[in-house]
Amino acid sequence: MKNNYLASLLKLSVVVAFILVHGGSVFAQSQNITGTVTDDQGGALPGATVVVKGTTTGTSTDVGGKFALSVAPDAILQVTYIGFLAQEVRVDGNSELNMRLAPDSRQLNEVVVTALNIKREQKSLGYATQTVSGEALLEARPNNFAQALAGKVAGLNLISPGSGPVNSTRISLRGDNSLNPNGNNALIVLDGVPMNSGLTSSGVSSAYGAGSGNDVPVDFGNGIADINPDDIASITVLKGASATALYGSRAANGALIITTKTGARKTKGLGVTVNSNYSVNTVLQWPEFQYEYGQGTGRSFNAAGEPYYSYGASEDGASTGGTSSAFGPRFEGQEYFQYDPVTQAQSAERRPWRPYKDNVTGFFRTGSTLTNSVALEGGTETTSARASVTHSQNEWIMPNTGFERLTAALSLNHAVSPKLKLGGKVNFTNRTSDNLPATGYNNQSVSYFMIFQNPNVPLDAYRTIWKYGQEELDQVHPFSSFIDNPYLIAQEMINSVDTRTTVGNLSATYEFSPKFDLLVRSGIAMTQEEREQRRPYSTANFQRGYYKQQDISNYEVNTDALFTYHQDLGQHFNVRASIGANRMDRRFRGIDGVVRDLVIPGVYKLTNGVSSPLLTATTTNRRINSVYALTSWSFDDKIFLDLTGRNDWSSTLPSQNNSFFYPAVSTSFILNELVPMPNSISLAKLRLSAAQVGNDTEPYRTRKYYGRSDFAGAGSLPTTLYNTNFKPEITTSFEAGVEYLMFQGRIGADLTVYQNTTRNQILEVPLDPTTGYGRAVLNAGEVRNRGVEVVLNTRPIDNNAFKWRNTVTWARNRNRVLSLADGLEDQQVIGTGGTATLLATVGGTTGDIWGFGFDRSPDGQIIYNKDGLPVQPADIKYIGRAFADWKGGFLNEFSYKNFRLSVLVDGQYGGIIYSQTHHKMMEQGKLKSTLPGRAENGIVGDGVVLNADGTYSPNTVSVIPAAYYAEYYRRANIESNSFDASFLKLRETRLEYTLPPPCWPAPRR
């Protein structure tokens, strides 16, 4: 022990002596240096960051670009400035250093993927685009990648029914151009392969069929839901017709160009990426249920004249337990005869009259999604490859619903020679679900139960699904045979699906010379889907059960070739010209098998029906042949001009009109290089474009085709009159925009104005039934959209320690119907929901909601009748517009060392929504807003009465609450059940910490 102590003391003495002898020379190595940081023209760069490499020691330049720093003689300085390339300089004992930074042309010459997957410099484009990186899609990972675009792209609208974990999404850009609600979708292109984003119906188009023997709609999702966000490298949004003209009629409403990741790496070797993501889902907001009054009509009183409750007849009086309304007795601690879940009958004794505040919310659960992905990538100088596998397991908020998704992707690129390059990509997705929820207002959906559930009924009343001794035959729904048991809906009314989607392409590029190259590419998008819908005995719509099976095959093949010439014409001009052709073949096959009334309960097979199964088959084929050309001119990289043209021949149009040509022209001017501007402006660009795009229609509308019949060997006469002479729709588009980058990229702005007009719309319009047809197909109608889009990017703070970046997107679109078909009395029904109607009128919009409202006096007061109830008008009227006045998003990102916080807020102003749920829950007294007037058992409506002499006087008649709310919020009254659609939403919040690189020693060679 003593020897160890002496040894340690000796070592310490040696160290101290070394410091005393050499310390002076050690500290003397530090020196003061000064310097100046300028741009390549010699202009000072104030605020440039100068840091000693490998340390946190640093400073910033002053307004003259000068700096002073104390460093070691052999130190290396790192100099950075936004908009310029970073530079490293070795001190080498110098006392003064002057550094010139070169502009970072990558900021100004950003490359984007445009139509046909042609890569172009951003500054050369004469039309608006926006690019969203793959990383931005994973900030707050949704089940559907499209949801991650909300608030990030100006002019983009997502229309989603919110119908389940894989709910379909419709993407539109710059408003609705067509009077056909299914004709406004943006084209989705995955690695150069156009995808079908439509939804194949489950066979039911309207949910409002409760108790009428109809099934309920089920949203099985569309192709958008199967694109894996982990594999996406970027999404370029092409908004205008000039940007999408090369894609033809299918991209008349814009396009989303999705590019998936490849195996290209900046460093050699094999790269492995492992991602795990766990997300939870809860119900965002519940209706404001009232829990002060229980089940009852408000019209039942006992012998003492007091409201009472009785499940079944009892000594207290007649049964009041069969109503769905909640205008019964107040919860005040009294006791009544109620339903007993144990005996499945009336309770033997009176029980406390109390509310169950979790009798709706308690049915749902916290949903979750677990996603794991593994990707391998690597390559050599001539070959690159990437392979990935992603697995997602979802448990949705409704019990016994969710999905499982397995995605595999493979990307290969190989340079066979310096002239020949081959590439291929394939994405395969298998999405399965044992059960997806039904949607809409129908007694086979849980939403319907939520509306009809009463405050005094616990969930325990339904947990036992079947009546004793009647398993699989008779369900427990004690209060109304019209309301199906929610646990029966979740556990027995099954909507299963097995979807297999493959999207892939093969391409070859051959460079004949530095001036000529040829691209040949073929891609396929294929979906195979198997669906089952099971309905047990005893449901309101199918007393003896129901079974449906759907087998769907949908595939599309696109083959195209593109021959390109590019050449510098002297020192100032550059030209790029391409000519190409495309052939698209699409085939859809669908077989539906249905049996009503099952022989054996709970056995779901097409052979288990009382009658033979009803089988129907649907086949559609479609082909479009196309040729197109593109010429791009550049003068001094300051003025750019694009000319494009495409001609399509569509199989769905009459032969004499099946050829349609559409041209496009766009130009851009780099103003800051053409005219003198302040040094603070890095980029000033003017864009101008015009284009015309055609659009065809669905197959089999040009001849008389007989329909399907339920009887073998028979057909049905068509009810829609075909058209042998209609023409393609034509959309004419004009666009102008300016782009700015200022203060070395600290501020960026993009402003766009546009106008799109669509004429010759292909519509189905009503006919007089005496003609033998109910509707006819014809060209009619003209719709115009005008709008403004703004994208603003700023970097208020950007230094080594702290960075703050924000992006603002804002868009406003004005839609107007300019004309409709002759004989329609200036109106066209676009769609209906309940008793609300989307009605297009000349001078109106394609989003106008019409329906019954209130009759009002000249000063705007509601008119009441002699009974104290609102007068029912004779005619419908304009209620409001579904479209928002404007939409916007605000993204903030804060970075401090290894921490990063991002917050995305988005919202809209204006527009209205109609709620069928609100109507029914107000009518039944389920919401807090039905409490006024109950204590007094009377309400006097706020309004006036029309007198016999034409004058108005205040309404003074009191009405019992049940009658008042039922009439005021009746289903037909769209006005009282519509609400302002403005909102501001915290869309995403993400806190991230990046682990520092490990300090492992370098491997020995």
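Student: Hey, which residues make the nonpolar surface patch of about 470 Å²?
Tutor: In this predicted model, the patch is made by L569, F573, W633, L641, L643 and V665.

Student: Where is L643 found?
Tutor: L643 sits in strand β31, which covers residues 639-650.

Student: And why does L643 count as partly exposed?
Tutor: Its relative accessibility is 40%. Partly exposed runs between under 20%, which is buried, and over 50%, which is exposed, so L643 belongs in that middle class.

Student: Cool. New topic: how do β26 and β27 pair?
Tutor: Strand β26 (residues 495-513) and strand β27 (residues 516-537) run in the antiparallel sense, with 18 bridges. A hairpin of two residues links β26 to β27. If you want one pair to look at, N495 has Q533 in β27 as its bridge partner.

Student: What about β27 and β28, how many bridges there?
Tutor: There are 21 bridges, again in the antiparallel sense, and β28 spans residues 544-569. One pair to find is L518, opposite F563 in β28. This hairpin has six residues between the strands, and S538 in the turn has a positive phi of about 80°.

Student: Okay, last thing: how many cavities of 30 Å³ or more does a search of the whole structure find?
Tutor: Ten of them. The largest cavity has a volume of about 180 Å³.

Student: Which residues lie nearest the centre of the largest cavity?
Tutor: Those are P194, Y247, N558, N582 and R646, out of 17 residues in its lining.

Student: And which strands supply at least two residues each to that lining?
Tutor: β28, β29 (573-596) and β31 each do. You met β31 earlier as the strand that holds L643.

Notes. Residues are numbered from 1 along each chain as its sequence is written. This is a predicted model: local features need pLDDT of at least 70, side-chain atom pairs count only at pLDDT 80 or more; totals for chains, interfaces and linings use all residues. Side-chain values use heavy atoms; hydrogens and water are left out. Two strands pair if DSSP finds at least two bridges between them. Helices (H or I, at least four residues) and strands (E, at least two) are DSSP runs, numbered from the N terminus. Patches are made of residues with over 30% relative accessible area and no salt bridge: like charges are joined within 9 Å, nonpolar side chains (Val, Leu, Ile, Met, Phe, Trp, Tyr) within 5 Å. Accessible areas come from the Shrake-Rupley method with a 1.4 Å probe; for residues, only the protein chains shown count as cover. A salt bridge is a side-chain nitrogen of Lys or Arg within 4 Å of a carboxyl oxygen of Asp or Glu. Buried means under 20% relative accessible area, exposed over 50%, partly exposed in between (1.4 Å probe, protein chains only). On a 1 Å grid over the protein atoms alone, a cavity is a set of points where a 1.4 Å probe fits but cannot get out, and a pocket is an open set with protein on both sides within 12 Å along at least five of seven lines; lining residues have an atom within 4 Å of a point. Grid points are joined across faces, edges and corners, and a volume is the space filled by probe spheres set on the points.
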